[in-house]
Amino acid sequence: MLLRSFWHTRKGQFMILILQADLGEQSPIFQQLLTHLRGFSGIHFRVHQEQGAEQVLSEIYLIGDTKQLRIEDMEALPGVEHAIRVSREYRMLGRHGDDQRSNGFEYNGVRFSQDNLHVFAGLCAVDTHEHVEQMLRALQENGQVCTRMGAYKPRTSPYAFQGHGKSCLPWVFDLAGKYGIRVIAMEILHESHMDEIREALEKTGHPTGVMLQIGTRNTQNFELLKAVGRQQTLPVLLKRGFGITLEESLNAAEYLASEGNTKVVFGLRGMKSNLGDPHRNFVDFAQVPAVKRLTRMPVCIDPSHSVGSRDVGPDGIMDVFHVTAQGVVAGANMILVDFHPDPATALVDGPQALLLKELPWFLEDVRLAREVYEERRVLAAAQSLI
């Protein structure tokens, strides 16, 4: 009933209360506030708490006829630090007026936000123990703590390799711990896959962490979105749907948040369109700043699935490097990119995978692009003062 009320309240019928830091649910002030809110007619509320690096951050979402409530009165309530009136879409993940809430989250010692950048280089699909170990060793040697590893793979053909599934999870997680990998981006296709990942992490002693990835084919699988949103332990990378609008994809991310999980990264992976020829998909990285402007989500780019090849331009630079740089210069916060020790034997997307010997080159190219972005930010800040 509460979820239904959430989705069907009219514009302007939503308010967010930001509570004072470390205000626990059992504290008298917190309970006094909840008692007061229960007295509001026609308004439901939901409490959301997130453990930050140093403190617990609490928010209360008021749903219903909130037009009757004055911001000044709400900010005068016990324990309330700030009140935000929401009058647009993406209610929980969006930016609203003078909204100063955090634009990121921390998971397993890694900070994800709109202000930093992480590279998730790895195997599109896990194949052999040897290849996984070679990949993870190369990442450690190059100072990386994140990777991508596909255990479950959606394929167009029912006869194509579908991934090793749960059987590979224990040894992939153990190897990740061995080489200091803190976060693995791993796509899931069904609610049961989430349970299998959590069970494998538990049995192996949590040597690493997993960011659940919802692929482009499942962006509008609303029951899967709700199920993933109901767990708040593992963060989520949601890829844009390849044949729907940006707004529809952002609302898919809001499904996750509406169920309680706001640890969401939004992924741009190219759009299915003949306009993208000769690339695999039409590259949409120009929308990196648009997503950051509309929401508080960190933004990921996937150059491998956008380009889909190792084609090289006359300047000697691969297209996948070029589009990566374009996304990074536009302010991307995460890069999901395919590498493989031996692409010729890869079971999925071998033709687009980069070589391990190209990893230092790729990371240096990303560093240069990020440096340009930071310089552009400084320039923009200086212009705003003129």
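**Residues and overall form of a predicted chain**

Biologist: Which residues does K263 touch, not counting residues up to four places away in sequence?
Modeller: In this predicted model, residues up to four places from K263 in sequence are set aside. The contacts that remain are with E50, F105, E106, Q232, P235 and V236.

Biologist: Is K263 buried or exposed?
Modeller: K263 lies in the loop between helix 8 (246–258) and strand 12 (264–268). Its relative accessible area is 13%, and the cut-off for the buried class is under 20%. K263 is therefore classed as buried.

Biologist: How many helices and strands are there in the chain?
Modeller: Both kinds of element occur in the chain, and the strands number 14. Helix 8 and strand 12, which flank the loop of K263, are among them. The full count is 14 strands and 12 helices.

Biologist: What is the radius of gyration of the chain?
Modeller: For 386 residues the globule rule gives 21 Å. The value for this chain is close to that, so the chain is as compact as a globular protein of that length. Its radius of gyration is 22 Å.

Biologist: What percentage of the residues in the chain is buried?
Modeller: The chain has 386 residues, and K263 is one that is buried. Across the whole chain, the buried share is 54%.

Biologist: Which of the contacts of I181 has a C-alpha separated from that of I181 by 8.3 Å in space?
Modeller: I181 is in the loop between helix 5 and strand 9 (183–187), and at 1% relative accessibility it is buried. Its contacts beyond four places in sequence include L136, L139, Q144, V145 and C146. The partner that is 42 residues away in sequence and 8.3 Å away from C-alpha to C-alpha is L139.

Biologist: How far apart are the C-alpha atoms of S157 and A83?
Modeller: S157 belongs to the loop between strand 8 (146–148) and helix 5 (169–178), and it is partly exposed, at 30% relative accessible area. Along the chain, S157 and A83 are 74 residues apart. In space, their C-alpha atoms are separated by 50 Å.

Biologist: Which residues does H193 touch, not counting residues up to four places away in sequence?
Modeller: H193 sits in helix 6 (residues 191–203). Its relative accessibility is 13%, so it counts as buried. Beyond four places in sequence, H193 touches Y152 and I188.

Biologist: What is the phi of H206, which is not a glycine?
Modeller: Most residues other than glycine have a negative phi. H206, in the loop between helix 6 and strand 10 (209–214), has a positive one. Its phi is about 55 degrees.

Biologist: Where is D349 placed?
Modeller: D349 is a residue other than glycine with a positive phi, near 55 degrees. Its place is in the loop between strand 14 (334–338) and helix 12 (359–384).

Biologist: Over which residues is the pLDDT below 50?
Modeller: The mean pLDDT of the chain is 89, and 92% of its residues reach 70 or more. One stretch falls below 50, although it has 31 contacts in the model beyond near neighbours in sequence. That stretch is residues 1–12.

Notes:
Residues are numbered from 1 along each chain as its sequence is written. This is a predicted model: local features need pLDDT of at least 70, side-chain atom pairs count only at pLDDT 80 or more; totals for chains, interfaces and linings use all residues. Side-chain values use heavy atoms; hydrogens and water are left out. pLDDT is the predictor's confidence in each residue, from 0 to 100. Contact means heavy atoms within 4.5 Å. Helices (H or I, at least four residues) and strands (E, at least two) are DSSP runs, numbered from the N terminus. The radius of gyration is taken over C-alpha atoms; the globule rule is 2.2 Å times the number of residues to the power 0.38. Buried means under 20% relative accessible area, exposed over 50%, partly exposed in between (1.4 Å probe, protein chains only).
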